[in-house]
Amino acid sequence: MNNMIFFVGITIYCVLILAILYFYKPTTREDLNNKKLNQQLLNQQLAQGKKQQNIILINETAYRFMQEQQNSAKNPLLYAKTIAISFALLLILLVFGYYFTTERFSQLQQQQQITSQHINQTDNNKNPNEEMIIAVQNKIRTNPNNGENWYELGLAYAQNNEFDNAIESYSRATILLGRKSYILGAAATALYYKSNQTITQQVQQWLDEALELDPQDTAALLLLANDAFNQQHFSQAIDLWQKILDSQRKVDRKLLIKMMNIAEEKARVQ
């Protein structure tokens, strides 16, 4: 705000100076003397013309006098306007040059940098999981009876560590789609992490039901393998990960192989 007031004040000041100089019409003593001499010369030439009864000379003399008077009036005015514009431009350059060397300009630059950094940081801090949650919620508003959308919303909540919301979404998906193995396995995983990575009685019940429906359910097997690894049951974890790889289902195979290698190294150390 202070910077805006500063610039507005300088601009108004420059405009006033420019207007005063632009519309100022100089009338120096030298100009007045020249006009008197020209007038005397004209009178002499007209008197001489009258004596000689030379109409052509009178007309020519009068025309030349008018031209001289116009030129004498235009030249100082044109000169004054040129000086006014030049002075105003020079003044503006000096003011802005002074401003750019002051502490105020440095503070303005710092403020702009801070603002830019804040905007960039805000953009970088955006959580892609939250954007996914909003996107799925919008789909559910359009069609609240689509069970797959509720399952997808549960996955989004789980990735954002909102396990209560994830379990509720899986519950709604189960009501619409029935008790599917992949939904039960996902629900067991959410409850497992909500319970501080503990296989509670409810988690075990959902895992058993999921594997009974589909012995190769990826979510259920991954949960059991990860828990076995955390419990330092490395051989059991390796067997479960291998079972997932053998199922040929869509998983991050490179990550599973890496985890298996780590488990093998830890098993050798035991």
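Both F229 and W241 are buried, and these two residues open a briefing on the aromatic contacts of a model that is predicted. Six aromatic pairs are found in the structure, and the points below take up two of these pairs, a cluster of tyrosines and a charge placed over a ring.

**The pair of Y151 and Y182**

- Y151 and Y182 pair in an edge-to-face arrangement, with 4.9 Å from centre to centre and 80° between the planes.
- Because Y151 belongs to helix 6 (residues 147–159) and Y182 to helix 8 (residues 181–194), the pair ties together parts that are 31 residues apart in sequence.
- Y151 counts as buried because its relative accessibility is 16%, which falls under the 20% limit, whereas Y182, with a relative accessible area of 28%, is partly exposed.

**The pair of F229 and W241**

- The rings of F229 and W241 form a tilted aromatic pair, in which the centres are 5.9 Å apart and the planes make an angle of 45°.
- F229 is located in helix 10 (residues 218–230) and W241 in helix 11 (residues 234–246), and the pair thereby links distant parts of the chain, twelve residues apart.
- Neither partner is exposed, since F229 and W241 are both buried.

**Cluster and charge over a ring**

- Y151 and Y182 also belong, together with Y170, to one aromatic cluster.
- The ring of W150 has the charged end of R172 sitting over it, at 5.0 Å from the ring centre.

Notes:
Residues numbered from 1 in each chain as written. Predicted model: local features only at pLDDT ≥ 70, side-chain atom pairs only at ≥ 80, totals over all residues. Heavy atoms only, no water. Phe/Tyr/Trp six-rings, centres within 6.5 Å; stacked < 30°, edge-to-face > 60°. Helix = DSSP H or I, 4+ residues; strand = E, 2+ residues; numbered from the N terminus. Buried < 20%, exposed > 50% of the residue type's maximum accessible area, 1.4 Å probe, protein only. Lys NZ or Arg CZ within 6 Å of the ring centre and 35° of its normal.
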